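Okay, thanks for coming, everyone. Let me put the model on the screen and then we'll walk through a few spots inside it.

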Amino acid sequence: MHENFSKPLSPVFGPPAPTPLLFGRSGSAIYWLTITALLFGVFLADLYSPFGVAIPTSYVAALLLVLALPGAREKILIALLSTVLIILDYLLSPGSPGIPGWIPIFNDVLTVTLIWIVAGLGLRHRRAQDAMRRSEERFRALVEASSQIVWTADGAGNIIEDSPSWRAFTGQTFEQRRGSGWLNAYHPNDHKRVQMQWEDATARKKPLEAQYRLRRYDGQWRWTLVRAVPLLSADGSARGWVGMNTDITERKQAEADTLFLLDLSDCIRLASDPDELTWAVAVALGEYLQTDRCSFTEADSEKGRFTIHRDYHLNLPSLAGTYRLRALGPKIVSDCQAGHTTVVFDTSRDDRTATYSGYYQRIGVGAFAATPLLREGRLVSALFVSTAEPREWSEREVSLIAAAAERTWLAVERLRLNSALSQSEEALRDADRRKDEFLATLAHELRNPLALVRNVVSLSQASGFSEAQQRWGRDVIDKQVGYLTRLTDDLFDISRITREKLGLHKEHVELSEIVKTAVESSRPLIEERGHKITITLPASPVYVDADRVRLTQVVMNLINNAAKYTPDPGQIWLTLELDNGQAVLQVKDTGIGIAPEDLPRLFDLFYQADRSFTRDEGGLGLGLTLVHRILELHGGTVQAFSLGAKQGSQFVVSLPVLEKASQQEFSKEANTVFSNAKSQVRRILVADDFPQAAETLAGLLRQEGYEVQIARDGLEAFRAAELSHPDVIVLDLAMPELNGYDAARKIREQPWGKQVVLIALTGWGQQRDRHRTKEAGFDAHLTKPVKYEAILELLGNLSGRQRPESAATPN
């Protein structure tokens, strides 16, 4: 039915008629001799024939020649020759008697006039034909330049003329196309629709406009826009049809690409999971481009590897896994690392991949296109689309792959950012909730010991409170004060760690000694619970670079944790061993276990798992957080394991070991002597703006035989010391009139003050506070609440010797 870009078959668009060879170069002399002979024959017949016979013959002969000859030059020459012969005929013809002389003249003039009129009309018609031919040639050139398929049909819609443009586009010959054979060039799925619409158009004599798929000569199906209009006669009947097929495949593909990207945008807009989004895009793109594989890969340039987590694969095995980047070829890798989209039509022939064609063949990649993603100049991901066989990737396909990759990565980044923000918000809400729980727990933990202390005080005020009850009351108060002290220490430690203010005094320590010390410190709790502890230590020493006090605190917390959360009686195993340059300490118990959902957050600040079994044990749940943070500061790790409730738990600590222990040198502060200490301490001055604190400490010291004075601020302490010259002055730091720092400096400026031992007794116990007291001239720094035994030990070290062994850090 429809034709291609070439010369139509109608007379209007048909090829120009070939020029007759009447006056061609090869036979022009013969033809001219023939024409001349004919004209002279007519002329002689006119001369010697009776009047009235020859003249019409010459007229007719001249007129016929003028009409028959095609060229303008030939028409003019014949007209001139006929004119000359008519003149000669007039001159040579004898006059006829009885006929006036003007009649032959008039007759010849009319004959000549008629001949030239006919010649002029012939020339005009010829010019019109030439103009029409030139117009047709221009139209044909325009059609061919625009790659249009032009065709014609008769009034009934049947193909009766050839169309070179149709033949050139489809490869159908006129014999294959004539009648309804043209229908075979259309896609089988379009046959019925094409036939129905064409029959309807020819029956109604209405123009047709539709889109069908037409097979090109190379076998490809191309979308064409068909327009056909009828040529109507005056009576309304169709003399014929003129139609045109326009190839709109690129336009259709562009429209389809736009729709695909719109669908992709909808998919991206509705996506909530980055991994599911990349998978959905890979499937959609692979199906749309009809490729064998499509996937988003993650690249690790530092390790030289790339990973495919999930891929779209059609009739081929999945390529999910981790591969070496260099297997793709150095040029391919460098192009991707530079951010260039890489297109390979044939992996076996492309210079960049030919050397590695065996590898590509093994994984079933014959052609591919890769669009990389760079972040901060590093290759982090790529969209990889491939086919098993070689493929000529079009510019449109490459652009579509790049557009899909860009949109997907932007969406993935947005989703990951939203997820991070959501997790951050959730973490903040959870932290706020746990903070509230922590404060409620703190209030509870403070009320319990304070209530016990108050009850003991109330009982001691009652009559009949025996000596045994007094001892019991003192033990209760001492235990609760110790508990509050540990609680306060944990809070201070957490505060220092969260503000990165916790200082470590690292030295080379033997880890077995740390373990033994921690076990001995925790043994009262273990024995109270009736637990059995099994300790396994290595035969050779294990040295680590660590803060002895903090590391002991870590091991104690883990042992105490096992003892508290194990029903009476239970079993605790403590094992120390070496493993690949790491000291591995394991604390295992037969306790209540840990729920799986609690394991990931067990070391979070303020987080507490279900502690219903040991609710009476109290505590703020800061122990494991301290363990985790302190080990981090030492370059170590801690992990928790449990099979679940009532299955026990296991904590594994890992620390880097030293290859060879070196002799630790003690600081000059720890080994220098108190040059200003007297051989015997007798007089002590206690200064504190909290009267009860000063009076209770003074009372305890007086019971030990010391002479004690009390001052209520720094200025009063300086004046009292100036008069009495005490051996030891215990100063609070935050006092009115003159604070402890300034009071110490002022005392040290005095000649008598250079021999006095200054001890700071304060609630400020951070490293910077100790540094300030040292600069102010203090010899020791004690943090409230301090055990009375620690004070006596410090004072005892001053008696009979020049210096206490550790005056800088007692608690």
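Which helices and strands each supply at least two residues of the lining of the largest cavity? Before I answer, keep in mind that this is a predicted model. Right, the list: on the strand side we have S5 (293–300), S6 (305–313), S9 (367–375) and S10 (378–387), and the helices are H10 (330–337) and H11 (357–362). S10 gives the largest share, four residues.

The cavity itself has a volume of about 260 Å³. A search of the whole structure turns up four cavities of 30 Å³ or more. In the largest cavity, 21 residues make up the lining, and the ones nearest its centre are Thr297, Phe306, Leu325, Leu328 and Phe384. How does that lining divide by class? We get 19 nonpolar residues, two polar and no charged ones.

Let's stay with two of those strands for a moment. S5 and S6 run antiparallel, with seven bridges joining them. Phe306, which I just named by the cavity centre, stands in S6 opposite Ala299. The two strands make a hairpin with four residues in between, and Gly304 in the turn has a positive phi of about 70°. On from there, S6 also pairs with strand S7 (residues 321–324), again antiparallel, over four bridges. In that pairing, Thr307 sits opposite Thr322 of S7.

Now a pocket. The second largest one has a volume of about 700 Å³. It is lined by 21 residues, and closest to its centre are Thr249, Gln253, Gln290, Arg396 and Glu397. Which elements give two or more residues to that lining? Those are strand S3 (221–232) plus helices H8 (249–270), H9 (274–289) and H12 (395–461). H8 gives the most, six residues. Put its make-up beside what I said about the cavity: here we count ten charged, six polar and five nonpolar residues, while the cavity lining has no charged residues.

Last topic, the aromatics. The count comes to 13 aromatic pairs. Take Trp151 and Trp198: their ring centres are 5.7 Å apart and the planes are at 80°, so we call that pair edge-to-face. Where in the chain are those two? Trp151 belongs to strand S1 (residues 149–154) and Trp198 to helix H7 (residues 191–204), so to speak two distant parts of the chain, 47 residues apart. Are they buried or exposed? Both Trp151 and Trp198 are buried.

For contrast, look at Tyr360 and Phe368. Why is this pair called stacked? The ring planes are at 15°, with the centres 5.6 Å apart, and stacked is the label because planes under 30 degrees apart count that way. Tyr360 is buried, and Phe368 is buried as well.

There's also an aromatic cluster, made by Trp166, Trp182, Tyr186 and Tyr212.

And two charges over rings to finish. Lys746 lies over the face of Phe718, 4.7 Å from the ring centre. Arg772 does the equivalent with Tyr741, lying over the ring face at 4.1 Å from its centre.

That's my tour, so shout if you'd like me to go back to any of it.

How values were computed:
Residues numbered from 1 in each chain as written. Predicted model: local features only at pLDDT ≥ 70, side-chain atom pairs only at ≥ 80, totals over all residues. Heavy atoms only, no water. Phe/Tyr/Trp six-rings, centres within 6.5 Å; stacked < 30°, edge-to-face > 60°. Buried < 20%, exposed > 50% of the residue type's maximum accessible area, 1.4 Å probe, protein only. Lys NZ or Arg CZ within 6 Å of the ring centre and 35° of its normal. 1 Å grid on protein atoms, 1.4 Å probe; cavity = no way out; pocket = protein on both sides within 12 Å on 5 of 7 lines; lining within 4 Å. Points joined across faces, edges and corners; volume = space filled by probe spheres on them. Nonpolar A, V, L, I, M, F, W, Y, C, P; charged D, E, K, R; others polar. Pairing = 2+ DSSP bridges.
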